[in-house]
Amino acid sequence: EGLIPGLITGGTDVLAKHQYFLTAFYGSVTERMTYFFSYRNDQWFPTLFFYASDFAASYTDLDVGPGFRLPTYWERQRRGGVDVILPYRKVLYTHTFSVGFRRTQMDNLHPFRTIPAGSRPPAEGTLNSLRGSWLFGNAHKYGLSISPEDGRRISIAHERMDPAWGSDFDLTKTVFGWNEYLSLPFRHHVLLLKTVAGFGTGDVLAQRAFQLGGLTLQDGIPGLDDRDIFLRGYPASRFQGQRLALGTLEYRFPLLNIERGPGTFPLFFKKVHGALFLEAGATWDRGGFSAGDLKRGIGGEIRWDTDIG
């Protein structure tokens, strides 16, 4: 871990037709700048979404061949792309369809580091992909909700990387996710059932199609741009594989409803709430799954919601 000074900014016009978001920071471990930038144009139908990033990705215990593992591998990933989004919105539910293109350039951040002889070095090069996704949502939040309280979010995303459109590798990747929110008899208490599955075919890179491990602060469903599928209690990208499965059971409950801030200062304290969770996941290559591969996480969290700015 290291110090990461930086900034986060974003903006929108009064009608929310144009929206942008930028994160930029300096990593003391990698000794380089990182940024994530997105712009969304909702002026016409369909919606246009543009994305660009340059960041350092770390892998822990990376499998580079029989008997060989790298304790830590740092990779520079430069990404850019565009999505065409077709939302279908109703009062109680939404469908969102999207198609797009992504270009990812992968480079070793430490090219002079020795790779063991006879091993398969981590892949470097370009990934150009065409992609499509569908997202359904009918989960609802209310005035004092700490989480969506009923309904579900379902997502299916598919990506194809092919040398025919400039990719150095031939890969296919599919991700499926389902969040089910169940209201409990106590007010604003929620039970979350979550499952994620991933399937990758084609060239097998040392980095693999999926990485499992790490902490998330998001409540959404992992998509194609999410480099890590979270599994609390383990380092980010601790496990890699061409297949992935994850299941989560989480009980969420309110603790304190603050709803106040210091005068007109742009800081507002909203709610404090807690969660107890149990989750298990695994990554594996073709034909390599067994119940003993499941990695488990169990614990609790205290969450504090604030508005800043």
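**A walk from Trp 165 to the cores and sheets**

Let's start at Trp 165, which sits in the loop linking β8 (151-161) to β9 (171-183). Keep in mind as you look around that this is a predicted model. Is Trp 165 buried, exposed or partly exposed? Its relative accessibility is 31%, so Trp 165 counts as partly exposed, given that this class covers whatever falls between under 20% (buried) and over 50% (exposed). Trp 165 also belongs to a nonpolar patch on the surface, together with Phe 50, Val 82, Phe 101 and Leu 130. That patch comes to about 380 Å².

Two of the strands worth tracing next are β4 and its partners. Strand β3 (residues 32-41) runs antiparallel to strand β4 (residues 47-65), and seven bridges hold the pairing. If you want a spot to check on screen, take Asn 41, whose bridge partner in β4 is Leu 48. The connection from β3 to β4 is a hairpin of five residues.

Carry on along the chain and β4 pairs again, now with strand β5 (residues 68-89), also in the antiparallel sense, over 17 bridges. Here Thr 47 stands opposite Ile 85 in β5. These two strands make a hairpin as well, with two residues between them. Have a look at Gly 67 in that turn: its phi is positive, at about 80°.

Now for the interior. Which residues make up the largest nonpolar core? There are 12 of them: Ala 157, Val 175, Val 196, Ala 209, Phe 210, Leu 212, Leu 224, Ile 229, Leu 231, Phe 239, Leu 244 and Leu 246. Two elements, β11 (210-212) and β14 (243-260), each give two or more residues to this core. There's also a second, separate core of eight residues, with Ala 57, Val 64, Leu 70 and Tyr 73 among them.

Leu 224 is a handy member of the largest core to zoom in on. Setting aside neighbours within four places in sequence, Leu 224 is in contact with Ala 157 and Val 175, and also with Arg 131, His 158, Glu 159 and Lys 173.

Finish with β11, which takes part in an open sheet of three strands, ordered β12-β11-β13, with mixed pairing. The edges are β12 (228-229) and β13 (239-241), each of which pairs on one side only. Between β11 and β13 the run is antiparallel, with three bridges; in one spot to look for, Gln 211 has Gln 240 in β13 as its bridge partner.

Terms used. Residues numbered from 1 in each chain as written. Predicted model: local features only at pLDDT ≥ 70, side-chain atom pairs only at ≥ 80, totals over all residues. Heavy atoms only, no water. Patch = residues over 30% accessible without salt bridge, like charges linked within 9 Å, V, L, I, M, F, W, Y side chains within 5 Å. Areas by Shrake-Rupley, 256 points an atom, 1.4 Å probe, with all protein chains shown as cover. Salt bridge = Lys/Arg side-chain N within 4 Å of Asp/Glu carboxyl O. Helix = DSSP H or I, 4+ residues; strand = E, 2+ residues; numbered from the N terminus. Buried < 20%, exposed > 50% of the residue type's maximum accessible area, 1.4 Å probe, protein only. Core = buried A, V, L, I, M, F, W, Y, C linked by side-chain atoms within 4.5 Å. Contact = heavy atoms within 4.5 Å. Pairing = 2+ DSSP bridges.
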